[in-house]
Amino acid sequence: MGKEEKGILVVDVGTTKVCALIGEEKEGKLWITGMGLVPSKGLKKGTIINIEEATQSIKNAIEKAKSQAKIPIESIYTSITGSHIKSLSASGVIALKEKVVTPSEVEEVLFSAQTIELPQDRIILHIIPQEFVIDQNRGILQPIGMSGVRLEANVRLITCNRSAFQNLLRCFENLDIEVDGVIVQGLASGESVLTSEEKELGVILIDFGGGTTDVAIYWDNVLRYIFSLPIGGELLTNDLAIGLRTSRIEAEKIKIKNGVCLRDLLEEDEIIELTGIGDRPPRKISKKILAEIIELRIKELIEIIEKELYREVFIDKDPFDIKSKIGSGIVITGGSSLLPGLVYLFEQMLDLPTRIGFPFKLAGLAEETHHPQFATSVGMLLYAYNLQERVKEERKEGIFHKLKKGFIKFLKGG
Ligand SMILES: Nc1ncnc2c1ncn2[C@@H]1O[C@H](COP(=O)(O)OP(=O)(O)OP(=O)(O)O)[C@@H](O)[C@H]1O
Ligand SMILES: [Mg+2]
């Protein structure tokens with residue numbers, strides 16, 4: 001970031017918490033030097049339903065992070081999720097002027113791939129190249145410098161609902177903050193918990209958060225599909241509150257302390273005490289009942305994920321064995337991934353090796369952010385940092401980016 005140190009601010013707006021992180025480059029690497037974590041208000045299942053409340057949560061998180069890292073901010077990114085996040089295939093084609101692919105022609109062909117007609121209420125957030133085709137040669141991932149007369153790009157467009165996007169930006173406008181980019185949460189989480197080997201071999205990333213479960217699928221080092229389900233840890237808390245006839249606050253505490261998502265994991269039953277509501281005396285409940293309630297909901301979630309995987313992944317292809325594409329299995333992250341028994345249930349039901357994804361440890365606030373609930377925010381920082389580094393490198397070579405830097409301006413048509 002040069003002599004004049006400047007930071008990147010990322011704000012992950014989740015259903016249960018807003019997490020702002022400030023990253024800066026020191027000694028040639030990315031450091032996390034500021035963190036602001038506050039409970040989130042005004043969101044439901046990943047989407048803003050109350051702009052004033054959401055604005056206040058965002059403000060508090062940013063202020064906390066800024067009080068820790070006193071550095072001028074160069075760029076700001078935020079995150080979006082919700083069941084309105086979709087992806088679709090598109091393609092673009094251009095003629096090659098010099099008969100050799102240049103970096104700006106790659107930009108041009110990607111730009112042409114997003115000129116697809118979409119319904120008025122959708123906007124494109126990310127353009128993910130799937131393969132380039134030069135003349136008749138398919139499956140090219142790095143086309144620069146290759147010879148040919150015709151360059152085609154097959155891409156995956158990640159889109160979202162326009163008003164959900166605008167409501168998110170409105171929160172920042174209310175705070176007089178200009179946002180440089182909006183990153184889809186599932187994509188960001190993949191940046192901080194997946195190894196490049198996993199992305200190469202094929203992996204299903206599942207961010208099991210508070211209000212949503214974001215699923216991203218990679219193979220051959222490329223993000224192939226992404227979707228978000230309106231199911232998260234809050235639903236488990238609700239189920240427990242109803243099933244155990246207690247308050248949501250008590251249910252949340254019990255879930256974190258004693259929650260298990262597999263009845264059979266408990267060899268012997270244990271009796272736990274529930275604080276009574278109002279003046280009522282405490283009650284005793286069996287831990288097996290607790291596990292049963294959670295197990296039911298998790299099994300339902302896994303079945304929905306499986307169904308969605310088939311619907312999304314197989315819809316535009318001949319059916320093929322997903323396992324041959326997903327060589328490395330499943331990685332679960334997000335706050336709810338810590339439920340004991342979850343890895344076992346996923347392995348049993350989807351028959352794929354599964355692990356919990358903790359974000360990579362960066363320099364600075366490494367310990368504080370090394371928790372699955374920070375997969376998205378740490379991933380956003382990595383995404384933004386890598387993007388800026390790449391843009392800087394390419395600018396040195398005289399390449400102008402329409403799509404990468406300042407893509408908000410591009411989305412607004414500016
Ligand atoms: N140890 C734990 N065991 C079980 N659940 C947990 C644990 N720790 C946190 N959770 C749950 O994780 C959820 C919050 O996760 P996370 O911070 O990833 O969500 P979020 O980013 O706010 O929401 P979303 O991404 O869905 O919009 C809460 O529902 C919380 O109950
Ligand atoms: Mg989240």
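**Notebook: ligand 1 and its surroundings**

I looked first for the site of ligand 1 and found it in the second largest pocket. I take a pocket as an open set of points on a 1 Å grid over the protein atoms alone, where a 1.4 Å probe fits, with protein on both sides within 12 Å along at least five of seven lines; a molecule sits in it if more than half of its atoms lie within 2 Å of its grid points.

I note that this is a predicted model, in which local features need pLDDT of at least 70 and side-chain atom pairs count only at pLDDT 80 or more, while totals for chains, interfaces and linings use all residues. Residues are numbered from 1 along each chain as its sequence is written, chains are lettered from A and ligands numbered from 1 in the order in which they are written, and side-chain values use heavy atoms, with hydrogens and water left out.

I then listed the shell, in which 20 residues surround ligand 1 (a heavy atom within 4 Å). Thr15, Thr16, Lys17, Glu252 and Lys255 are the closest. By class I recorded 13 polar, four charged and three nonpolar residues. Helices H6 (233-243) and H7 (248-258) each supply at least two shell residues, and H7 gives the most, with three.

For polar contacts (N or O pairs within 3.5 Å), I looked up oxygen atoms of ligand 1. One lies 2.8 Å from a polar side-chain atom of Lys17. A polar backbone atom of Gly210 is 2.9 Å from a ligand oxygen, and a backbone N or O atom of Thr212 lies 2.8 Å from one. The protein buries 91% of the 660 Å² that ligand 1 exposes when taken alone (Shrake-Rupley method, 1.4 Å probe).

Note on methods. Polar contact = N/O pair within 3.5 Å; in protein donor to acceptor, adjacent residues only side chain to side chain. 1 Å grid on protein atoms, 1.4 Å probe; cavity = no way out; pocket = protein on both sides within 12 Å on 5 of 7 lines; lining within 4 Å. Helix = DSSP H or I, 4+ residues; strand = E, 2+ residues; numbered from the N terminus. Nonpolar A, V, L, I, M, F, W, Y, C, P; charged D, E, K, R; others polar.
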